[in-house]
Each structure stands twice: as C-alpha cells, then as structure tokens.
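This report describes the spaces inside one protein model and then its overall make-up.

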Amino acid sequence: MASLVAMAATASAQEPAAPSARDHIGFQLSGSMARLIPQNDYISSLVHSYSCNYQDARFLWHTLPADGNAFNKSYHYPTLQAGIMHADFSHIRLNRFAPDYDSRLGHAIAVYGGIQIDFLRRGRWSLGCDLQNGVAFFTEHYDFNTNRDDEVIGSVAAVYFGASLQTRLRVAPQWTVGLSADFRHCSNGHITRPNLGTNTLSASLSTTYDLEPAAAESTRALDQVAPSGSPVDSEAQASASSEARQRPRFYVDLSTGLSLKSLLEAFMADPSTKVKTYGVFTAVAAPMVRYHRMHASGLQFDFMYAHYVDEIRELDIAKGHEGQYRYSPYVMGLALRHELFYRHFSIFAAAGVYLRHRTGHYTATEESPLYQAIGLRYSIPATGDRLSVGYNVKAHHLSKADCMQFMVGWKL
C-alpha cells in the first residue's frame, strides 16, 4: 500500500500545475529611431526632412502549453499584446505649395493589439516576428489655410499597422532585451483626402519584464518534457491526431457591408474645400477550402455599386475629357484569396483583376486593372464562428489605398 501511495505521489509531482495569471503576464517598453520612406516622387517633392522616432509600452500575455489550446501549439506558443505608442513626426518638414511656411505632421498616439511569434528558439535566444494593428490619432493633419503641404495625413484618426523582425535574449530569469527592424504604416484608407500615408522603417530596442521567472523558457520546457498522460501531453497528442485526421472542408463565405471612399478627382479640382466621403454598398462571395487549422484558400468575387460615378463624370467633363471615357456604377472583380486563422480571429489577403471598372479618366490612366485587399475579422463563437465582423483595405499598386470596407459575413 505504501508503495502505491509513493507512486501516486511521484506521478502527481511530475504532472505540471495549471498556470496562474501571473505565469502569463509580462510588460515591454521599447524605443526606436525611424525614417519616413516616400512611396513616390510626389511625396519626395513634399518632404524635406525624414527623421522621426517611436516609444511604446505593451501589456503581454504569454500563451503556454498547459493552457491546452491547439492554435497556440500551431503558432509555437505566441505572445499576445496590447499597447500604446507615441510617434514623434514633429521634425519632418513639408513644403511645396505654401512657400511662406513649413507644414508639419506633429505627433501621433496609437492604441493597438498584436501578436509575437517565434520562428526559432535556442536556449535563452529567440528569433521571430511581431504584427500589430490599431488606430492612430494625429495632432496635425491637412488644412488648406494652416497646414497646406501636409497631404500625408488628412484626418485626425488613421489605421495603424506595424510589422517587425525581432531577436530577443533573456538576460535574467524575468528580464529580456530585444532588437528589431520595423515597418510601420498609418493611413485612413482614403475615407477622406488627402491621404498619402506615412511609411517608416526603424530599428528598435526593447526590454521585457515577466511577473514570473522565464515564462518563455517554461513554455519550451513544458512543451518538450510533459509526462505521458499529463494534460499537456494529452493536448499535444490530440492536436497531432486532429491534424492527421484533418480533411479539406469546403464552405462559401458571404459578406456584405459598406465601403467608405473619397474622390481624388474632387480634391484635385478644389483642394480648399472638404472632400465628400461616399458610403458604397459592397458584397463579396468567396468559395473557400479550409485544409488546415490555420489556413484556408479560395476565390473571391467582389462587387461594389459605385454611385459616385456621376460626380466623376462631371469632374472629367470640367477638365475637358467629355466623351473620352466610359462610366458605370457596377464595379466587379475576381481575386485569389488566402486566410490565416488564430482562434476566432483571422487575417486575409486577396489579389485580383477587375472584370468591370469603368469610372473615368483617373481609373483609366492612373489605376491598375489589378487590385489587392487585406483585412482583419472576428468570428463570433456563439454562432459556431459562422457570423463574422471585420474591416478590409482595398488598394492598387500594392500601396495606393482605394477605400476602407466594413463588412459582416456568414459562412455557408
């Protein structure tokens, strides 16, 4: 009997305890020196200095094998984050059309969420990426009378996106230092004009403090040495078994919503007046195949009812283009689409070709017959992840935003 009790006690000691909230929590501070990158010659003609800098603070949530989530295992136990960032663009000088003064970008405060994913881990060292998405609020934006050459940012609020390649080294049980190369972008998706957007490249230094020692190291240790029969081991076996049994699943993703868009033609005709924002009915039908827990691919048919073409026609006529171009409110396209899932969130990217896009002079001479879209959405668990809400940015030339789309979807 005594031996049985001893064996049970040994097995219990080997089984890892369930993690507490403190095991997950960390905090990160970082700072960076950055440079504004002009996307084209027109922006280069506006900008006369390029240096800027960032500082941010983040709350971190380390995922652990003991959490028993298969998505976390597929993503190598990522770190989720929520943060606030300060961007100092005050040293950037813009001047072209108002030679008697310099226009400014000022400062911005961004709030965001994101994820850190490690590709490679060796002892205390790791290499991975960092993805962020949120909203930035600017202290300065375009004003014809007082800030005329700030065509970079045309509104108080803008979408913020960040992506980094980073390496980290744990220098003490609860402390980690990091170095990263970052790309950051702010734009309102042409909800209003002007909106050339900020693109910056930077190098960042960061320091991270975890409430409990070596959360990242315990993640690796739990993943590698979980005893047979433990909750961690059972989750890993179930995950592997699920992957082995996975069969491609076909579904049709139907979405509808509103595209918000302003017209460059209207801004160019009169830069001194506020440009109107149009709400455009938008629909998407996407037959998809989900062949992996993380991945689905398929086609996407896009439709927009561009009722603003009547104004474009009038503006084209005023510029002497009467009878030269075709106009239709029906905008249609077909695209290849890929979607990447993490629990109830997903991001997708699509690249397509217009089947019909007849919206006048600017479309025919400046825009491409190809278009791209990238989006983020959340699927509601109570509906079995069938109902989703999210937003997309549609663009041309991989850089020029066309519109911002807010969508509601349903999977058949």
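## The second largest pocket

The second largest pocket holds about 220 Å³ of space. A pocket here is an open set of points on a 1 Å grid over the protein atoms alone, with protein on both sides within 12 Å along at least five of seven lines. Its volume is the space filled by probe spheres set on the points, which are joined across faces, edges and corners. Lining residues have an atom within 4 Å of a point; there are 15 for this pocket, and Tyr 142, Gly 154, Arg 193, Thr 273 and Lys 274 are the closest to its centre.

The lining has six nonpolar, six polar and three charged residues. Ala, Val, Leu, Ile, Met, Phe, Trp, Tyr, Cys and Pro count as nonpolar, Asp, Glu, Lys and Arg as charged, and the others, Gly among them, as polar.

## Basis of the model

The model is predicted: local features need pLDDT of at least 70 and side-chain atom pairs count only at pLDDT 80 or more, while totals for chains, interfaces and linings use all residues. Residues are numbered from 1 along each chain as its sequence is written, and side-chain values use heavy atoms, with hydrogens and water left out.

## Cavities

Six cavities of 30 Å³ or more are present (sets of points where a 1.4 Å probe fits but cannot get out). The second largest cavity has a volume of about 130 Å³. It is lined by 18 residues, of which Lys 261, Tyr 308, Thr 359, Glu 367 and Asp 402 are the closest to its centre. By class, eight are nonpolar, four polar and six charged.

## Whole protein

Of the 412 residues, 45% are buried (under 20% relative accessible area, 1.4 Å probe, protein chains only).

Notes:
Buried means under 20% relative accessible area, exposed over 50%, partly exposed in between (1.4 Å probe, protein chains only).
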